[in-house]
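Trainee: I have a structure open and some questions about its side chains. Can we go through them?
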Amino acid sequence: MTTRYEPLSLLNLLQRELERSGESGHGGPEPHSSAATAEWTPAVDIKEEIDCYRLLADLPGVSPDAIDVTMENGILTLRGERVTEARANREGYKRIERVYGSFYRRFSLPDTADAEGIAARYTNGVLEIVIPKKTARQPKKIVVVGES
């Protein structure tokens, strides 16, 4: 019997285990609560730019009203649900690959992220979250006054 090696499925499994192990203690749901379970995991790209972090999540078929984005204690949480059409009769389908149900993702943000300025936009099935970076404080010049 041949075993197929699928590294991406192993990475997805590792990501889910890491998310579950880190859920308690961050103000999020407990590992065994219903909010911590997910039927599918959306693909996410994270890009660092000069003035912000940009997160793009593939959420085709998800209504913007069904997406919840929260930020607490340096943890950005995405959760929501893709609702399926009621199909009593699945005759004629040769293959069904689209997954329906809830999703749940968490991301630790760096200290440079400005939680107050986070903005989200949903376009063509892609959720874009822009997380601005805090402005760097400029060093203060202290004038040394000599004795007169």
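Mentor: Yes. This is a predicted model. Start with Arg 82, which lies over the face of Tyr 100, at 6.0 Å from the ring centre.

Trainee: Which other ring face does Arg 82 lie over?

Mentor: The face of Trp 40, with 4.0 Å to the ring centre.

Trainee: And how many aromatic pairs are there?

Mentor: The count is 1 aromatic pair.

Trainee: Changing topic. Where is Glu 128?

Mentor: Glu 128 sits in strand 7, residues 126–132.

Trainee: Is Glu 128 buried or exposed?

Mentor: Buried, because its relative accessible area is 14% and the cut-off for buried is under 20%.

Trainee: What does the side chain of Glu 128 make polar contacts with?

Mentor: One polar contact, of 2.5 Å, is with the side chain of Arg 54. Another, of 2.4 Å, is with the side chain of Arg 121.

Trainee: How many salt bridges does the structure hold?

Mentor: It holds 5 salt bridges. Lys 47, Glu 49, Arg 54, Arg 121 and Glu 128 are linked in a network of them. Within it, Glu 49 bridges to Lys 47 at 3.8 Å between the closest N and O atoms, and to Arg 54 at 2.9 Å, N to O.

Trainee: How accessible is Arg 54?

Mentor: Arg 54 is partly exposed, at 23% relative accessibility. Glu 49 is also partly exposed, at 22%.

Trainee: What about Glu 48, which residue does it bridge to?

Mentor: Lys 133, at 2.7 Å, N to O. Glu 48 is in strand 1 and Lys 133 in the segment after strand 7, so the salt bridge ties together parts 85 residues apart in sequence.

Technical notes: Residues are numbered from 1 along each chain as its sequence is written. This is a predicted model: local features need pLDDT of at least 70, side-chain atom pairs count only at pLDDT 80 or more; totals for chains, interfaces and linings use all residues. Side-chain values use heavy atoms; hydrogens and water are left out. Helices (H or I, at least four residues) and strands (E, at least two) are DSSP runs, numbered from the N terminus. Buried means under 20% relative accessible area, exposed over 50%, partly exposed in between (1.4 Å probe, protein chains only). A polar contact is a pair of N or O atoms within 3.5 Å; within protein, one must be able to donate a hydrogen and the other to accept it, and residues adjacent in sequence count only if both atoms are side-chain atoms. Rings of Phe, Tyr and Trp (its six-membered ring) pair if their centres lie within 6.5 Å; planes under 30 degrees apart count as stacked, over 60 as edge-to-face and the rest as tilted. A charge sits over a ring if NZ of Lys or CZ of Arg is within 6 Å of the ring centre and within 35 degrees of the ring normal. A salt bridge is a side-chain nitrogen of Lys or Arg within 4 Å of a carboxyl oxygen of Asp or Glu.
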